[in-house]
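Me: I am new to this structure and would like to learn how to read its features one at a time. Please give the general idea, then the case at hand.

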Amino acid sequence: MASILVAGAAGVSIPLVGGTLLPSNGGLMRGAKAFAAGVILATGFVHMLSGGSEALSDPCLPEFPWKMFPFPEFFAMVAALLTLLADFMITGYYESKQEKMMSRSVESLGQHGSILSDPSLESGLLRDEDGGALHIVGMRAHADHHRHSLSMGAEGFEALAKRSAVSGHGHGHGDVGLDSGVRHVVVSQILEMGIVSHSIIIGISLGVSHSPCTIRPLLLALSFHQFFEGFALGGCVAEARLTPRGSAMMAFFFAITTPIGVAVGTAIASSYNSYSVAALVAEGVLDSLSAGILVYMALVDLIAADFLSKKMSIDFKLQVVSYCFLFLGAGMMSALAIWA
């Protein structure tokens, strides 16, 4: 438990600390983001989907219905579609909240004659109605330079709306300055949900193991597994620009889930049958759902958003670095499947 806790905490902390010391659009951070995207993609395909398929095809399961239909792939598809729906609804909620904060801030500041005299700002705010930058894959990358400190509460949205209104962020782009921040908040939240469900399963699997010959190599592999997953999640949380408390809570929640799973597995080891129908179905369904979530997030919100951006298309050096780190992350995470 201590080893996995330290590995997960170290992995998720490195991007959070590095994000405060390095420029977010620098080559090193871009490479780290590509590496994280590769890790998440490999986690979904190689670790979770294969684990779900293995559990739901186990001979201990009854022939009907588990052998009559490809349930792992079906559950992964359903999870990807539900993630798309959740992505859309949560983003819409934050956009609506942002617009209300902006409207109140503009009215409040306009009463003092501080900004309504700026026609370019007014037209920029109105243009967001047709911009739709948030919902078009690859088209939101132009907002990368809008980096703000984001709070999860209403105060954070209001403060950011006032800063955007005063500085004129958003005009000429079809967005109002907070789009990129909202996007990263949504991505980090959904991503953590997908990773945490898998972390609990692998923690329980380790906790119920009895053989030291099995536990020792599995422990080492799972420590690296947690480190890479934590690094990927930490990169997304760092981009979300949450408050220090919000970032710490997400990092803490990720770091403790697998050790909690190990503790639960150890507590129920004497009565837990990993080959029972209930255990196999629960493991297979959760792994398959997590796979769908992570594959969607990796391809749509991480890889497509960065690799189809304008900045990537015009910078050959950045393309080479990003693709190398993407394949490196996917390759290293896939190699861990040999042991865990």
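Me: Is M332 buried, partly exposed or exposed, and what is its relative accessible area?

Reply: This is a predicted model, and what follows is computed from it. A residue counts as buried under 20% relative accessible area and as exposed over 50%. M332 has a relative accessible area of 36%, so it is partly exposed. The residue lies in helix 11, which covers residues 316-335. M332 and H225 are 107 residues apart in sequence, yet 9.7 Å lies between their C-alpha atoms.

Me: What does the protein chain look like as a whole, in helices and strands?

Reply: Start with the count and then take the order. The protein chain has 11 helices and 0 strands. Along the sequence the pattern reads α-α-α-α-α-α-α-α-α-α-α. Of the 340 residues in the protein chain, 50% are buried.

Me: How does one check the length of a helix, for example that of helix 8?

Reply: Compare the span expected from the number of residues with the distance between the end C-alpha atoms. Helix 8 runs over residues 244-267 and has 24 residues, so at 1.5 Å a residue it should span 34 Å; its end C-alpha atoms are 34 Å apart, which agrees. For the 30 residues of helix 2 the expected span is 44 Å, and the end C-alpha atoms lie 42 Å apart, which also agrees.

Me: Where do these two helices bend?

Reply: Look for the residue at which the direction of the axis changes. Helix 8 has a kink of about 30° at T257, and the proline P259 follows shortly after. In helix 2 the bend is about 35° and sits at T43.

Me: Which residues of helix 8 are buried, and how many of helix 2 are?

Reply: Take them in turn. The buried residues of helix 8 include G246, S247, M250, A251 and F254. T257 and P259, from the kink described above, are also buried. P244 lies in helix 8 too, but with a relative accessible area of 71% it is exposed. The C-alpha atoms of P244 and L16 are separated by 9.6 Å, although the two residues are 228 apart along the chain. In helix 2, 23 of the 30 residues are buried, so this helix is largely enclosed by the rest of the structure.

Me: How is empty space found, and what is the volume of the largest pocket?

Reply: Rolling a probe the size of a water molecule over the atoms shows where empty space is left. The largest pocket here has a volume of about 940 Å³. It is lined by 32 residues, and those closest to its centre are E54, I201, I202, S205 and E283. Helix 2 (27-56), helix 6 (179-207), helix 7 (212-240) and helix 9 (277-307) each give two or more residues to the lining. By class, the lining has 17 nonpolar, 11 polar and 4 charged residues.

Me: How far is G284 from E54, in sequence and in space?

Reply: Read the two distances side by side. G284 and E54 are 230 residues apart in sequence, but 7.4 Å apart in space, C-alpha to C-alpha. G284 is found in helix 9, and at 0% relative accessibility it is buried.

Me: Is the arginine R183 buried or exposed?

Reply: Apply the cut-off of 20% again. R183 has 5% relative accessibility, so it counts as buried. It is found in helix 6. R183 and A240 are 57 residues apart in sequence, with 7.7 Å between their C-alpha atoms.

Me: What do the backbone angles show at P65 and R241?

Reply: Omega describes the peptide bond, and phi is another backbone angle. The peptide bond from F64 to P65 is cis, with omega near 5°. P65 lies in the loop between helix 2 and helix 3 (71-110). R241 has a phi near 55°, a positive value in a residue other than glycine. Its place is in the loop between helix 7 and helix 8. With a relative accessible area of 25%, R241 is partly exposed.

Me: How many disulfides are there?

Reply: A pair of cysteine sulfur atoms has to lie within 2.5 Å to be counted. The count comes to 0 disulfides. As for single cysteines, C236 is buried at 5% relative accessibility, whereas C324 is partly exposed at 48%.

Terms used
Residues are numbered from 1 along each chain as its sequence is written. This is a predicted model: local features need pLDDT of at least 70, side-chain atom pairs count only at pLDDT 80 or more; totals for chains, interfaces and linings use all residues. Side-chain values use heavy atoms; hydrogens and water are left out. Helices (H or I, at least four residues) and strands (E, at least two) are DSSP runs, numbered from the N terminus. The expected span of a helix is 1.5 Å times one less than its number of residues. The bend at a residue is the angle between axes fitted to the seven residues ending there and the seven starting there. Buried means under 20% relative accessible area, exposed over 50%, partly exposed in between (1.4 Å probe, protein chains only). On a 1 Å grid over the protein atoms alone, a cavity is a set of points where a 1.4 Å probe fits but cannot get out, and a pocket is an open set with protein on both sides within 12 Å along at least five of seven lines; lining residues have an atom within 4 Å of a point. Grid points are joined across faces, edges and corners, and a volume is the space filled by probe spheres set on the points. Ala, Val, Leu, Ile, Met, Phe, Trp, Tyr, Cys and Pro count as nonpolar, Asp, Glu, Lys and Arg as charged, and the others, Gly among them, as polar.
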